[in-house]
Amino acid sequence: MAEIIKINDNSWRIEDGFVRMFLLTGRDTALLVDSGATYPEARQIAESLTDKPLALLNTHSDPDHVSGNGAFSFYFMHPGDYPYYFEQGGPGNMMPLRDGDVLDLGGRPLKVFHIPGHTPGSVALLDINARVLISGDSVQNDNIFMFGPRRNIKEFIRSLERLNGLKDSFAEVWPSHGSFPVEPDLIDKLIEGARQIVDGKVSGTQTVWRDTPVMLYEFPYAGFICDI
Ligand SMILES: [Zn+2]
């Protein structure tokens, strides 16, 4: 069972144990941010919370964010993740998201930032009036997955530097994993940790993720799981 937690009058988080979805409502429409790891019924869960017309946006297309996509006739996704999504056999009907797009739910504009690195088409959403950054997997205090062919840690650093430059625009970060919420200062720390990994200044521990040998780099504020 998903745990549904009301954040404020127009925002909910839907926790499925491993990953977190968000439902955001405005005056006119509602937006589900991601559709979970094991929730083909994500749409019904969202519709039990609002009667506004509902759309879906994927922060990226890792399998733990797209399980309920098939219940929607279309969904917003950055084209950078289309190949990855199709590779997993995901159903089509994407509506392309571009950097700088603003989705307005009615008095609630959400600005899209393309932040490649964790995946090629990862996005963050700035809830402009609420001063909240919805960060997907890219800013969080759990383990950030950076192993496999589609990850790029140098791009990840550049994307987080860009978010860091926007820090005056948000007071809270709402991530898909780990603690909720997290402080914007976490972005600085993640940049520093990722740089240490790239520069070979920190040693990791070899471990296994679903039969794949990987390297875990643990910092006090988060971890990174990288290629060996
Ligand atoms: Zn995830």
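In the predicted model, strand β4, helix α1 and strand β5 form a β-α-β unit of right-handed sense. Helix α1 covers residues 42–47. Strand β4 spans residues 30–33, and β5 spans residues 54–57. The two strands run parallel and are joined by 4 bridges. Within this pairing, L32 lies opposite L56 of β5.

Strand β4 also pairs with β3, which comprises residues 20–25. Here the sense is antiparallel, again with 4 bridges. A hairpin of 4 residues leads from β3 to β4. L24 faces L31 of β4 across this pair.

The side chains of β4 point in two directions. A30 and L32 point one way. L31 and V33 point the other way. All four residues are buried. Thus L31, which stands opposite L24, and L32, which stands opposite L56, point to opposite ways from the strand.

A zinc ion is bound by four protein donors: D64 (OD), H65 (NE2), D137 (OD) and H177 (NE2). These donors lie 2.1 to 2.2 Å from the zinc ion. Along the chain, their spacing reads D-H-x71-D-x39-H. D64 and H65 are both buried.

The donor geometry at the zinc ion is irregular, because the 4 donor atoms subtend angles of 87 to 157°. A tetrahedral assignment would require all angles to lie between 85 and 135 degrees. The upper value of 157° rules out that assignment, so the arrangement is classed as irregular. For reference, the ideal angle for four tetrahedral donors is 109.5 degrees.

Notes
Residues are numbered from 1 along each chain as its sequence is written. This is a predicted model: local features need pLDDT of at least 70, side-chain atom pairs count only at pLDDT 80 or more; totals for chains, interfaces and linings use all residues. Side-chain values use heavy atoms; hydrogens and water are left out. Donors are N, O and S atoms within 2.8 Å of the metal (3.2 Å for Na, K and Ca); water is not among the atoms, so sites may look incomplete. Four donors count as tetrahedral if all angles lie between 85 and 135 degrees; four count as square planar and six as octahedral if opposite donors are over 155 degrees apart and all others between 65 and 115; anything else is irregular. Buried means under 20% relative accessible area, exposed over 50%, partly exposed in between (1.4 Å probe, protein chains only). Two strands pair if DSSP finds at least two bridges between them. A crossover is right-handed if, with the strands pointing away from the viewer, the path from the first strand over the helix to the second runs clockwise.
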